[in-house]
Amino acid sequence: MKVLVTGGAGFIGGHLAEAFLRDGHDVTVLDNFEPFYDEGIKRHTIDRHREAAREAGVDYRLVEGDVRDRETVGEVVSGVDVVVHQAAQAGVRASVEHPEKVTEINVDGTVTLLEASKEAGVNRVIIASSSSVYGKPQSLPYTEDHPTEPVSPYGVSKLAQEHYARVYTELHDLPTVCLRYFTVYGPRMRPNMAISNFVSRCVNGEPPVIYGDGQQTRDFTYVADVVDANRTLLTSGAADGEVMNIGSSDTISIQELAETVRDQLAPELAIEYESAREADAEHTHASVEKAGELIGYEPSRSIREGVEEFIQWYEENQEWYEPLVRGA
Ligand SMILES: NC(=O)c1ccc[n+]([C@@H]2O[C@H](COP(=O)([O-])OP(=O)(O)OC[C@H]3O[C@@H](n4cnc5c(N)ncnc54)[C@H](O)[C@@H]3O)[C@@H](O)[C@H]2O)c1
């Protein structure tokens, strides 16, 4: 199968592209290496892709280009079976500072890709959405029919993406699936996220810093589970036209997360607190029943198990990853 992964140099797209290559698919990555965080992490990912392609004996192509560029997108979509769309300006806080940029990349970029996918007659477009579409919880865990009232420009852009996907399915019979990821973590994760921050600070004997009182609770998703969901959707039409939560269905408070990391790495450190950040969600918690029913999705780890695994990976990869993650 020929798969296009947009944003394939990034954290999640990088894992997806590598898994697809190892599964024996030909993969094209489209990524403009947006300087949102250190490019070195992305270059490392691309090296892994090349190695995976060599080992699996499949074709790999990296196109350094923009998902908003019609000509490039038309060219890379041609001949592709499935499009896996991860390219985005991620991050709630960045979206508060630069709402126009988020709209251009996340909304205009998605429409350009959907249009090209329609023209090329691809079998399916799988789109990375986000738990940020929900906004303030009226009930938890979030089921997919929970009201969507995003509280950040990022959440609005992800919701707009979902609506465009639905409209392309309804108007043009283009099969689309939107996956609402709940904060994803794991090897090569983006800097400036709670888990990477806590681990990196504690490893270096610096106290973990919590923004707010730490009582916010989060559902964190291990990246391998995100890979499994996308992998199933390459060949399954069971969720065409649907949006689905992809989470761990487990939660942890930020306080407990900081304590878990601190206790494992530097028990002598006292946790520090700074004021809460604008537009951050108070609580997230995914119901994954729908994804379970439609594609057999099942989270593989509890958050505590996943965090332990991440700490181990961090320590093994500290030499190259740390300067990049801390320089961000
Ligand atoms: N990481 C999470 O916790 C999380 C949670 C919910 C949803 N998501 C979504 O998952 C997807 C992947 O997120 P991530 O954490 O891997 O982020 P990331 O920033 O690591 O990856 C995004 C990639 O997209 C690329 N990109 C950005 N603008 C582009 C453009 N105009 N053209 C081409 N490429 C472009 C970037 O260079 C980057 O490599 C995003 O759509 C994000 O909104 C992520």
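This passage walks through the packing, a pocket, the charge pairs and the backbone oddities of a predicted model.

We can start with the interior. The largest nonpolar core takes in 74 residues, and the members touching the most other members are Val-84, Leu-179, Tyr-181, Ile-195 and Phe-310. Helix H11, spanning residues 303-326, gives the most to this core, with nine residues. Apart from this core lies another one, made of 21 residues, with Leu-4, Leu-30, Tyr-168 and Cys-178 among them.

Ile-195 is a handy place to look at the packing in detail. Leaving aside neighbours within four places in sequence, Ile-195 is in contact with Tyr-185, Met-189, Phe-220, Leu-257, Val-307 and Phe-310. Ile-195 is also one of the buried residues of helix H7, alongside Ser-196, Phe-198, Val-199, Ser-200 and Cys-202. As for partners, the buried residues of H7 pack against strand S7, strand S8 (209-211), helix H9 (254-265) and H11. H7 is followed by Gly-205, which has a positive phi, near 70°.

Next comes the second largest pocket, with a volume of about 180 Å³. Its lining is made up of His-15, Glu-18, Ala-19, Arg-48, Pro-187, Arg-188, Val-223, Ala-224, Val-227, Asp-228, Arg-231 and Trp-313. Two helices, H1 (11-22) and H8 (223-235), each supply at least two of these lining residues. Of the elements involved, H8 gives the most, with five residues. Sorted by class, the lining has six nonpolar residues, five charged ones and one polar one.

Some of those charged lining residues turn up again among the salt bridges: Glu-18, Arg-48 and Arg-188 line the pocket, and these three are linked with Arg-22 and Glu-55 in a network of salt bridges. Within that network, Glu-18 pairs with Arg-188, their closest N and O atoms being 3.6 Å apart. Glu-18 sits in helix H1 and Arg-188 in the loop between strand S7 (184-185) and helix H7 (194-203), so this pair ties together parts that are 170 residues apart in sequence. Both Glu-18 and Arg-188 are buried.

The structure holds 24 salt bridges, and a couple of others give a picture of more local pairing. Glu-170 forms a salt bridge with Arg-166, with 3.3 Å between the closest N and O atoms. These two are four residues apart in helix H6 (residues 153-172), so about one helical turn separates them. Glu-170 is exposed, at a relative accessible area of 55%, whereas Arg-166, at 36%, counts as partly exposed. Glu-119 and Lys-118 form a salt bridge too, the closest N and O atoms being 3.5 Å apart. Here Glu-119 counts as exposed at 60% relative accessibility, while Lys-118 counts as partly exposed at 26%.

The backbone has a few spots worth a look. Most residues other than glycine have a negative phi, and most peptide bonds are trans. Against that background, the peptide bond from Leu-140 to Pro-141 is cis, with omega near -5°. Pro-141 is found in the loop between strand S5 (124-130) and H6.

Two residues that are not glycines have a positive phi. Asp-173 has a phi of about 55° and is placed in the loop between H6 and strand S6 (176-181). Asp-173 is exposed, with a relative accessible area of 67%. For Asn-192 the phi is about 60°, and this residue lies in the loop between S7 and H7. Asn-192 is partly exposed, at a relative accessible area of 47%. Arg-188, the partner of Glu-18 in the salt bridge described above, is also in the loop between S7 and H7.

The cis bond leads on to His-285, as both Leu-140 and Pro-141 touch this histidine. His-285 is placed in the loop between strand S13 (272-274) and helix H10 (289-295). Not counting residues up to four places away in sequence, its other contacts are Tyr-142, Phe-182, Asp-219, Ser-249, Asp-250 and Thr-251. His-285 and Pro-137 are 148 residues apart in sequence, yet their C-alpha atoms are 9.2 Å apart in space.

How values were computed:
Residues are numbered from 1 along each chain as its sequence is written. This is a predicted model: local features need pLDDT of at least 70, side-chain atom pairs count only at pLDDT 80 or more; totals for chains, interfaces and linings use all residues. Side-chain values use heavy atoms; hydrogens and water are left out. A nonpolar core is a set of buried Ala, Val, Leu, Ile, Met, Phe, Trp, Tyr and Cys residues joined through side-chain atoms within 4.5 Å. Buried means under 20% relative accessible area, exposed over 50%, partly exposed in between (1.4 Å probe, protein chains only). Contact means heavy atoms within 4.5 Å. On a 1 Å grid over the protein atoms alone, a cavity is a set of points where a 1.4 Å probe fits but cannot get out, and a pocket is an open set with protein on both sides within 12 Å along at least five of seven lines; lining residues have an atom within 4 Å of a point. Grid points are joined across faces, edges and corners, and a volume is the space filled by probe spheres set on the points. Ala, Val, Leu, Ile, Met, Phe, Trp, Tyr, Cys and Pro count as nonpolar, Asp, Glu, Lys and Arg as charged, and the others, Gly among them, as polar. A salt bridge is a side-chain nitrogen of Lys or Arg within 4 Å of a carboxyl oxygen of Asp or Glu.
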